[in-house]
Every structure is written in C-alpha cells, then in structure tokens.
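Let's take a walk through this protein together, moving from the whole chain to a few of its side chains. Have the sequence and the 3D view at hand as you read.

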Amino acid sequence: MYKLNYQNKEGSVVYLNILTEKFKEVLLSVLPIVVIVLILHFTIAPLETNLLLRFLLGALFIVVGLAIFLLGTDIGISPIGTNLGKGIAKSNKVWIVAIAGVVLGFFISIAEPDLHILANQIADVTGGAIPNMSILIYVSIGIAVMMTIGLLRIVFNIPLYKLLTGIYTVIFLLALFTSNEFLAIAFDASGATTGALTVPFMLALALGVSNLKKNGKASEKDSFGLVAISSSGAIIAVMLMNIFGKQDELSGSLAVDLTGTESVIAPFIHHFPIIMKEILIALVPIVSIFLLYQFFFLKLSKKKLAKTMKGVFYVFVGLVVFLVGVNAGFMEVGSVVGYTVAALDSSIFVLIVAFVLGIVTILAEPAVYVLTHQIEDVTNGYVTRKVVLTALSIGVGLAVLLSMIRILVPGLQLWHFILPGYILAIGLMYVTPKMFVGMAFDAGGVASGPMTATFILAFVQGAAESIEGADVLLDGFGMIAMVAMMPIITLEILGILFKIKSRKGGLHANE
C-alpha cells in the first residue's frame, strides 16, 4: 500500500514538472501579444477598462488551458496515435490503413481547437451564412481523405515532391472555379487544421504505419510530409463546398464593440457550457475507437490505460479552458485593436504593428523551437537554429505585413500572392534536398499556431472592418494562408543554401 502511494506521488511530481514546462512554453508564446496590447493601450489604441480586463483574464485562461492541453496531448493523444499506428502496422493490410486513415483523420480534425476558432469566426463574419458545423465537417472529411493518401504514400514509397506537385495542380485547377471569398477561407482552413492536437497525433500515426514498409525501418523522411498532405485536404474540401454549394454571393461584416460595456465575467460564464458540449462531442469518437481497440486487440495494462485516459481528460479540460479564454475576451480585443489602429490618420501604424505581431508570434511559438532543433540535427549543424529562426520570423512578419497591404490597396487579391508563392514553392521542391521538402511544407503548419489563429486573425479582420473599401470576408481572411506559405519558401531556400554549403565542405546533401 505504501509502495502504491509512493508511485502515485512520484507520478504526480512528474506530471507537475511537465505541466510547469508546458506553462513556461505557452507563457512565452502569449506574453509578447499581451505586452504589445498593453503598449498600444497606453499609446495609440486605448481600450475600455472592462475590455482590457477581459483580455487579460482571457490570456490567463489561454496560458493555463494550453499548458494542460499540451500535457494531455503528451500523455494521452500521442500514445493513442502511436498505439493505433502500431496496430495498423501489425495488421499488414493496406485496406486497414485506408479505413483507419479516413476514420481517425476525420475525428482528430474535428477536435482541433484552431479549426473550431476559425469556423466560429467564419460563422460570425458571414452572419451564419456559412455555419461553423459545415466548415468543421467539410474540412474534416478533406483531412481524412488526404491523411489516408499520406499514409499510403509511406507504405508505397511515393516521393513526396511528386505527390505534392499533383495535389497543388488539382488545387490550382479548382481555384479557377472558386470565388475569392472561399479561396481565402480554404487556404486559412489549411493552416488552422495543423494545430496542437492534429500534428502530434499524425506524426505518431505515421511512425506506426511506417513499420508496414518492407524494410521495416521508419526513415527520417517519413516523419515529414504527412501534415502537409493532410492539410491540403482542407483547401480542396472548402473549394468543393463552394463549387457545389453555389454560395458565390456572400458579404461579411464584423461587430466591433469599442465600448466594452459587457461585464468582465459574463462572457466566460456564457461560453463554458457551449464549448464543453462541443469538445465532448469532438473527443468521444476518438476515445471510443481507442477503447474498442484496447478491449479487442491492444490489452494495455491497467496502469498504462489509466495514464492515457488521464491524458484525454487533461486534453478535454485544457481545450475547454483555452477556447473559453479565446472566445470570451482574447479575440475581441484583437479585432478592437486592429479596428482602432487602422482608423488612425496614418496607415504606417497598422503596417508596423502587423509586421511586429508576425515576428513575435513566430519567435514565441513553442513548436518552432522543436522544428529548428530538428533541422539543426538533420543538417549536422550546417543550418543553425539561429539562421532558421531569423529567416522564419522575417518570413512570417512579411506575411502578416503583406496581408495588411492587401487590405489597404484596393484591387489586390489573395491569389495575387498565393498563386506565384506556391508556384515558386513547387518549383523549389525539385532543386532543394528532398529532406527539406517535407520539413518546409510541415513548417507552414507550425507557423500558423494558436496565436496566429486567434489574436492576429482578429487583428487583421478588425482592420478590414475599419478600412474604407475593404471587405471583412474577402480581405479579412487569407492571413493564415500567407503565414502558412512563407515558411515553405523560406526553408526550401535554406535547403538549397545547405546543399551548396555542404558540397563546398565535401559533404553530400540529402537528395
């Protein structure tokens, strides 16, 4: 009995240590945004007291919620993904990979917090003309289909650059028949689906499925690319939703409350039960599939099963707290700040703030640190973390800046940036080391993290509402797409530089 209590106590200490680390990571991610808002509040964009207090309380909810959620992902969602991946591999049947990919892809996508945020924002801006549930279902179907194709690519050793070329050829063809409003939403949905829940699950699943390969080894290349292929499903799904739904004539507006008359606590109380219900519905299918697999095949020990279920509970609690914080105060201030700064006499202020927000967001994103370490390791230190981080921060800063220029300059449309950008990205795939192709396309998902999907999205939309001649639906969306695109080009260029440098040093870049 004493031993059991000791083990429980030791386990609690480990969880507490992990939670503390996660808390520090998330705090570093959120703090720069809070500091910028406070600086703007005391200088050019003062906020009403209630509004500012709601923002600070929302920021606290986001930090606590994301920290708990990330802990739960580590001890719950990732092990579920790994065990299901191993189970698929043990079956040694391609049709099981296909069915599992579709089912798991759908349910893991529909539970992604960043996608919920974007879907709610689309519903708000369009006045319910595009319901949030429609976006969630269509995008999740697209993710499911493309994730299956991504898993089959691993099994059949299909080169990533060839598959991505085919996928983006299809996307460009569909874009010819897609309205400008839906084009922006489609590419934003792609960036929003590669969030904190989907990425660890997909990587864990890919690792398990790679065991199906005849050589029995999971190569480093297979750990990259699945996220990129899966996220393209969101673009295709939203485009098809537009083409077959005949929803061409849409207008959008954003209700920006500058007064902050609502009480500080009321919005938090209002959102709690709604979000709890949404997250419960989203998580139940994933847990049910895992428990059925556990009951019939896996047979984990009670201790391991209890640990996994505890992780799922943390994911639930963390998601609820995080989304309540986002919806009850954080995003509202983003739109108010964007509206206020864009309304100033000079547009230089909104351009500077946009650029700075882009830079600090990517520098503070925890997943970026994982990616930069990974690149440094793979290139044996030839491409250093500092170089990658600098390149990514400038790239994302420019992405948010260009999004703001698109709003300010009449006639500039998203495809003016996206079309040449992705043509360049696809062209670079054929000359950059193949290891960098998967890294680069996955980096887009890493860059468009929680802060991009929440505060910066709201900031850009608030600015679009304020600027005369701009349309919130047409111009306010598309920013996440720009943020997701820039790291692809940045890392592909870094890959080419690495190849040149390694040849001079007598090494061989990974082709």
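What follows goes from the overall fold to a surface patch, then to salt bridges and one arginine.

Please keep in mind that this is a predicted model. The protein chain is built with 19 helices and zero strands. Of its 511 residues, 58% count as buried. If you look at contacts between residues at least 6 apart in sequence, 86% of them join residues at least 24 apart. On the outside, the protein chain exposes about 20900 Å², and carbon and sulfur atoms supply 68% of that area.

Now turn to the beginning of the chain. A nonpolar patch on the surface is formed by Phe23, Leu27, Leu31, Val35, Ile39, Leu60 and Val64, which together have about 550 Å² of accessible area. Helix H1 (2-41) and helix H2 (49-91) each supply at least two residues of this patch, and the largest share, five residues, comes from H1. Take valine 35 as an example: this residue lies in helix H1 and is partly exposed, with a relative accessible area of 40%. Patch members need over 30% relative accessible area, so valine 35, at 40%, clears that cut-off.

Charged side chains come next. How many salt bridges does the model hold? The count comes to three. One of them pairs lysine 24 with glutamate 21, at 3.9 Å from N to O. Both residues sit in helix H1, three residues apart, which is about one turn of the helix. Lysine 24 is partly exposed at 47% relative accessibility, and glutamate 21 is partly exposed as well, at 45%.

Another salt bridge brings together the side chains of aspartate 74 and lysine 22, with 2.8 Å between N and O. Aspartate 74 belongs to helix H2 and lysine 22 to helix H1, so this pair ties together parts that are 52 residues apart in sequence. Aspartate 74 is partly exposed, at 38% relative accessibility, whereas lysine 22 is buried, with a relative accessible area of 13%.

The remaining pair is glutamate 332 and arginine 54, whose side chains meet at 2.9 Å, N to O. This salt bridge links distant parts of the chain, since glutamate 332 is in helix H11 (residues 302-342) and arginine 54 is in helix H2, 278 residues apart. Here glutamate 332 counts as partly exposed, at 22% relative accessibility, while arginine 54 is buried, with a relative accessible area of 0%.

Finally, visit arginine 406, in helix H14 (residues 385-408). Arginine 406 is buried yet has no salt bridge. Which side chain of opposite charge is nearest to arginine 406, and how far away is it? That side chain is aspartate 475, at 4.1 Å. A salt bridge has to fall within 4 Å, so the 4.1 Å between arginine 406 and aspartate 475 does not qualify. What the side chain of arginine 406 does have is a polar atom lying 2.7 Å from the backbone oxygen of phenylalanine 477. Leaving aside neighbours within four places in sequence, arginine 406 is in contact with Leu412, Gln413, Leu414 and Phe417, and also with Leu474, Asp475, Phe477, Gly478 and Met479.

How values were computed
Residues are numbered from 1 along each chain as its sequence is written. This is a predicted model: local features need pLDDT of at least 70, side-chain atom pairs count only at pLDDT 80 or more; totals for chains, interfaces and linings use all residues. Side-chain values use heavy atoms; hydrogens and water are left out. Helices (H or I, at least four residues) and strands (E, at least two) are DSSP runs, numbered from the N terminus. Buried means under 20% relative accessible area, exposed over 50%, partly exposed in between (1.4 Å probe, protein chains only). Lys and Arg count as positive and Asp and Glu as negative; His and the chain ends are not counted. A polar contact is a pair of N or O atoms within 3.5 Å; within protein, one must be able to donate a hydrogen and the other to accept it, and residues adjacent in sequence count only if both atoms are side-chain atoms. Contact means heavy atoms within 4.5 Å. Accessible areas come from the Shrake-Rupley method with a 1.4 Å probe; for residues, only the protein chains shown count as cover. Patches are made of residues with over 30% relative accessible area and no salt bridge: like charges are joined within 9 Å, nonpolar side chains (Val, Leu, Ile, Met, Phe, Trp, Tyr) within 5 Å.
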